[in-house]
Amino acid sequence: MKRLFWIFSLFLLVNGCNEDLGNYDYDYNKAPKLIIDTTGINKIDVWRDWNIGDTVHIAPNVTYPGKEDNLVYRWFIIDDPYNPVTVGNAEVWPPADTIGRSLALEYIVDIAAGRRFRLFFTATDTVNGGAAFFDFGIKRIPEVGTISGVYCLQEKDGRVDIDVIGSMRALVLGGDHHEVDYYSSLHPGDPLTGMPRVFEYSTTGNYFYIFTDDVGLRVSPTNMTIMERWEDMFYSAPAYKPQAVVGLNNCDFLINDGKLHVHYIQSYGERKFSVPIPGDYNLAPFLAQETVASWGANPDAISAYQVVYDKTTSAFRSFFNRGVSLGHFSETVTGALFDVNHMEGEIVYANTVNNGETLIISRHDDGYYMHVACFSNVVDNGNLARHVRPLAGCVGIENATCFASSLVGPALFYGSGGNVYSYSYTTGQTGSHLLWEGDPGDEVTALCILGPVGAPTMGRMLWIAVWNEARHEGRLVEFEVNEVSGEAEAFWAPMFSGIDDNPIYHEGMGKVLFMTLRF
């Protein structure tokens, strides 16, 4: 609301004279109209994050039938969120920082590390008073000691390490770079050991969880500083059997040995997980990525803080804020496509997709099936089932070793052998689409997809980790895909990054087993 108020105030500021009839005689139908647009311009610096020392070039189009010599230009930034500050006994809105006064912005970035801001451009006729402004969106300067990219937890030459791959095409992942052995370079005396189990970046807490057979760590993105080890994450640490972790609704949720632990990030400064939520249950390694709508919320919706799958009862179950037990969903009504309280088959994969639906892949006696339910922003009326799709036409799904999907669309991606296939439950297709075919001896070991962050490429950037044992080498394959159909589609990336190749390859990797993204 404050941001809208500020933008409205700016609008009044630059257009205020249009309402001041006073003693003047204006003919508004003949007044020249200022138009700012970005059609056809190079948008790389518009969409990507900036780094200190970068040279930024943005040249918008200004259309004006009046005298262009009368126009003056200004580029400025304000903090995001933009909040008033207290000066004496009054609250005032801080002034904007001007970074350019020409039509084309040529700016060597000199903005404080860690600052998040919104970029504006204005054009004003100093004679007639007409003006227009353009909002170029939100940007962030990385904090010192941090990098954005695809973090790859991998085996390499008999050891475990993390490489970081940047992506100019993804726009929000720091540009093209490859940080080799990033973790061990920062911890030469304390390397990672043991086979990787879980690797996740918590956007709610702004840190990584690294779980291997030997060690469990919570790690800051700043120089990968170790914040806590496993025993320090609890008041009384349970036996070390981590299965899944995710940050959601200002909490970190951890499944360890089939039990749910919760860390309420804003409530406790000690960064401790709770004791296991009591109950007779055994959870699969599934944690929902969205349960409460951030906008357009239904006031009667379920609004659980987390949704999990209990293998003991073959049921999806809810967990509410400050809960002391897992809940149950309403009894399923007659005629529902399936019963979320009594799922059939063995679930091999589940994830939150397509703006809050839950996609489930399960193995049955007669083959594999996809079930789609919805637990987010819906009323629990006893019918949470949405779709059922047989997957008999999905090539190699019985041998799938990894899956990926995102909140942005319904497309499912899976790796089987040396190939990657896609399938969408909304397109009417009956079989899979071959997205990428590897070389002889290739093995797809992990998949990762850009989630609902970083328009316009969100949900469209897919990374495929490939290992070839005979050549003893790994690589990362980067695709732009259609978030609905799952097919390769080089559309936004070439338009904004200028990179037409699809896919592109990052060589020199180890055997990547997990990937997570940090922006």
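With which residue does Asp 161 form a salt bridge, and how far apart are the closest N and O atoms? In this predicted model, the partner of Asp 161 is Arg 159, and the closest N and O atoms of the two are 3.0 Å apart. The two residues differ in their surroundings, because Asp 161 has a relative accessibility of 0% and counts as buried, whereas Arg 159 is partly exposed, with a relative accessible area of 32%. Asp 161 and Arg 159 also belong to a network of salt bridges, in which they are linked with Lys 156, Asp 163 and Asp 181. As a general point, side chains of opposite charge can pair when their charged atoms come close.

Lys 156, a member of that network, leads to another part of the chain. Gly 510 and Lys 156 are 354 residues apart in sequence, and yet their C-alpha atoms are 4.7 Å apart in space. Gly 510 is found in the loop between β35 (504-509) and β36 (511-518), and with a relative accessible area of 4% it is buried. When its neighbours within four places in sequence are left aside, Gly 510 is in contact with Gln 154, Glu 155 and Lys 156, and also with Trp 467 and Gly 474.

The structure holds 23 salt bridges, and two further examples can be followed along the chain. The side chains of Arg 271 and Glu 228 meet in a salt bridge, with a distance of 2.5 Å from N to O. This pair links distant parts of the chain, since Arg 271 lies in the loop between β20 (259-264) and β21 (306-310) while Glu 228 lies in strand β17 (residues 226-229), 43 residues apart. Arg 271 is partly exposed, with a relative accessible area of 28%, while Glu 228, with a relative accessible area of 8%, is buried.

The other example joins Arg 460 to Glu 483 in a salt bridge whose closest N and O atoms are 2.8 Å apart. Here too the pair links distant parts of the chain: Arg 460 is in the loop between β32 (442-449) and β33 (461-468), and Glu 483 is in the loop between β34 (473-480) and α4 (492-497), 23 residues apart. In this pair the arginine, Arg 460, is buried at a relative accessible area of 4%, and Glu 483 is partly exposed at 22%.

From charged pairs we can turn to strands, taking β15 as the example. Strand β15 (residues 207-212) is mostly covered, six of its six residues being buried. In a regular strand the side chains alternate between the two faces of the sheet. Both faces of β15 are covered, for Tyr 207, Tyr 209 and Phe 211 are buried on one side, and Phe 208, Ile 210 and Thr 212 are buried on the other.

On either side of β15 in sequence there is a strand that pairs with it. Strand β14 (residues 196-202) pairs with β15 in the antiparallel sense over six bridges, and within this pairing Phe 199 stands opposite Ile 210. The hairpin of β14 and β15 has four residues between the strands, and in it Asn 206 takes a positive phi near 60°. Strand β16 (residues 216-219) is joined to β15 by four bridges and runs antiparallel to it, with Gly 216 as the bridge partner of Phe 211. β15 and β16 likewise form a hairpin, with three residues between them.

The nonpolar residues give another view of the structure. In soluble globular proteins, nonpolar side chains tend to be buried together. The largest nonpolar core has 25 residues, and those with the most contacts inside it are Trp 50, Ile 58, Trp 75, Ile 99, Leu 105, Ile 111 and Leu 119. At least two residues of this core come from each of β2 (55-58), β4 (71-79), β8 (105-108), β9 (116-125) and β10 (131-140). Leu 105, leaving aside its neighbours within four places in sequence, is in contact with Trp 50, Val 56, His 57, Ile 58, Trp 75, Ile 99 and Gly 100. Apart from this core lies another, of 20 residues, among them Ala 284, Val 307, Val 340 and Phe 375.

Some nonpolar residues lie at the surface instead. Val 85, Val 87 and Val 92 make a nonpolar surface patch of about 210 Å². Val 92 lies in strand β6 (residues 90-92), and with a relative accessible area of 34% it is partly exposed.

Methods. Residues numbered from 1 in each chain as written. Predicted model: local features only at pLDDT ≥ 70, side-chain atom pairs only at ≥ 80, totals over all residues. Heavy atoms only, no water. Buried < 20%, exposed > 50% of the residue type's maximum accessible area, 1.4 Å probe, protein only. Pairing = 2+ DSSP bridges. Core = buried A, V, L, I, M, F, W, Y, C linked by side-chain atoms within 4.5 Å. Contact = heavy atoms within 4.5 Å. Patch = residues over 30% accessible without salt bridge, like charges linked within 9 Å, V, L, I, M, F, W, Y side chains within 5 Å. Areas by Shrake-Rupley, 256 points an atom, 1.4 Å probe, with all protein chains shown as cover. Salt bridge = Lys/Arg side-chain N within 4 Å of Asp/Glu carboxyl O.
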